[in-house]
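User: I have a model open and want to learn how to read it. Can we go through it feature by feature?

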Amino acid sequence: MKKSRHSKIVELIANHDIETQDELAERLRDAGFQVTQATVSRDIKELKLSKIQTGDGNQKYAILKHDDRYMGDKYNRVLKDGFVSMDTAQNILVMKTVSGMAMAVAAAVDAMKLKEIVGSIAGDDTIMIAVRNVEDTESVMDKIHKMLEM
């Protein structure tokens with residue numbers, strides 16, 4: 001049952017701009033699934049769904065981790081759509097994003113799998129990226145800028 005529900009969720013978010021857990025639960029119920037908000041919340045976590053910004057400024061659920069070739073384009077788009085600015089503080093790279101996009105942009109940066117990056121923490125519109133050393137921080141900034149130009 002969970003597998004078919006997860007498949008339905010993937011189908012629903014691919015075909016509709018679903019903004020809330022309540023909306024997703026309602027669509028699942030309409031499709032014949034008996035779900036609670038807690039079930040939908042667990043499903044979102046298990047499927048690793050993220051909210052991304054739509055063209056009209058709203059947000060919707062999306063899967064950001066799937067096929068690496070396909071996701072490279074998705075991550076690029078998320079990075080470009082969400083990026084506002086970045087600056088350094090020693091070996092910490094501080095990146096500003098569109099409000100609500102920090103987690104998605106952080107996932108995009110993490111997907112770059114740069115050896116210089118130790119880890120990142122995302123809030124609502126700010127990401128703090130720990131870089132191995134001060135010298136590598138400029139290199140990481142350059143790599144991100146190149147991704148933004150593609």
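**Reading helices and a sheet**

Analyst: Start just past helix 3. Lys 48 follows that helix, and its phi is positive, near 55°. Bear in mind that this is a predicted model.

User: Which residues of helix 3 are buried?

Analyst: First the general idea. An α-helix has 3.6 residues a turn, so residues three or four places apart point the same way. Now the case. In helix 3 (residues 37-46), the buried residues are Thr 39, Val 40, Asp 43 and Ile 44. Their arc around the axis is only 140°, so they sit on the same side of helix 3.

User: What covers the buried residues of helix 3?

Analyst: The cover includes two helices, helix 1 (2-15) and helix 2 (21-30). It also includes strand 1 (49-53) and strand 2 (59-63).

User: How do I describe the packing of two helices?

Analyst: Two packed helices are described by the angle between their axes and the distance between the axes. Take helix 2 and helix 3. Their axes come within 9 Å and cross at roughly 105°. Angles of 65 to 115 degrees count as roughly perpendicular, so helix 2 is roughly perpendicular to helix 3. Helix 2 brings Gln 21, Asp 22, Leu 24, Ala 25 and Leu 28 to the contact. Helix 3 brings Gln 37, Val 40, Ser 41 and Ile 44. By class, that contact of helix 2 with helix 3 has five nonpolar, three polar and one charged residues.

User: Now the sheet. In what order do the four strands of the open sheet lie?

Analyst: The order is 3-4-6-5, and the pairing is antiparallel. Strand 3 (83-89) and strand 5 (117-122) are at the edges. Each has a single partner strand, so one side of each lacks a neighbour in the sheet. On average, neighbouring strands of this sheet are turned by 20° against each other, direction ignored.

User: How many bridges join strand 3 to strand 4?

Analyst: Six, and the two strands run antiparallel. For one pair, look at Met 86: its bridge partner in strand 4 is Met 95.

User: Which strands does helix 5 touch?

Analyst: Helix 5 packs on the sheet and touches strand 3, strand 4, strand 5 and strand 6 (126-131). Its direction makes about 170° with that of strand 5. Helix 6 (residues 134-149) also packs on the sheet, touching strand 3, strand 4, strand 5 and strand 6. The direction of helix 6 makes about 170° with that of strand 3.

User: Is Ala 102 buried or exposed?

Analyst: Ala 102, in helix 5 (residues 102-111), has 0% relative accessibility, so it counts as buried. Beyond four places in sequence, its contacts include Thr 97, Ala 122 and Ile 127.

Methods. Residues are numbered from 1 along each chain as its sequence is written. This is a predicted model: local features need pLDDT of at least 70, side-chain atom pairs count only at pLDDT 80 or more; totals for chains, interfaces and linings use all residues. Side-chain values use heavy atoms; hydrogens and water are left out. Buried means under 20% relative accessible area, exposed over 50%, partly exposed in between (1.4 Å probe, protein chains only). The arc is that of the directions from the helix axis to the C-beta atoms. Contact means heavy atoms within 4.5 Å. Axes are lines fitted to C-alpha atoms, for helices over the stretch in contact, and angles run from 0 to 180 degrees between N-to-C directions. Angles under 35 degrees count as roughly parallel, over 145 as roughly antiparallel, 65 to 115 as roughly perpendicular and the rest as oblique. Ala, Val, Leu, Ile, Met, Phe, Trp, Tyr, Cys and Pro count as nonpolar, Asp, Glu, Lys and Arg as charged, and the others, Gly among them, as polar. Two strands pair if DSSP finds at least two bridges between them.
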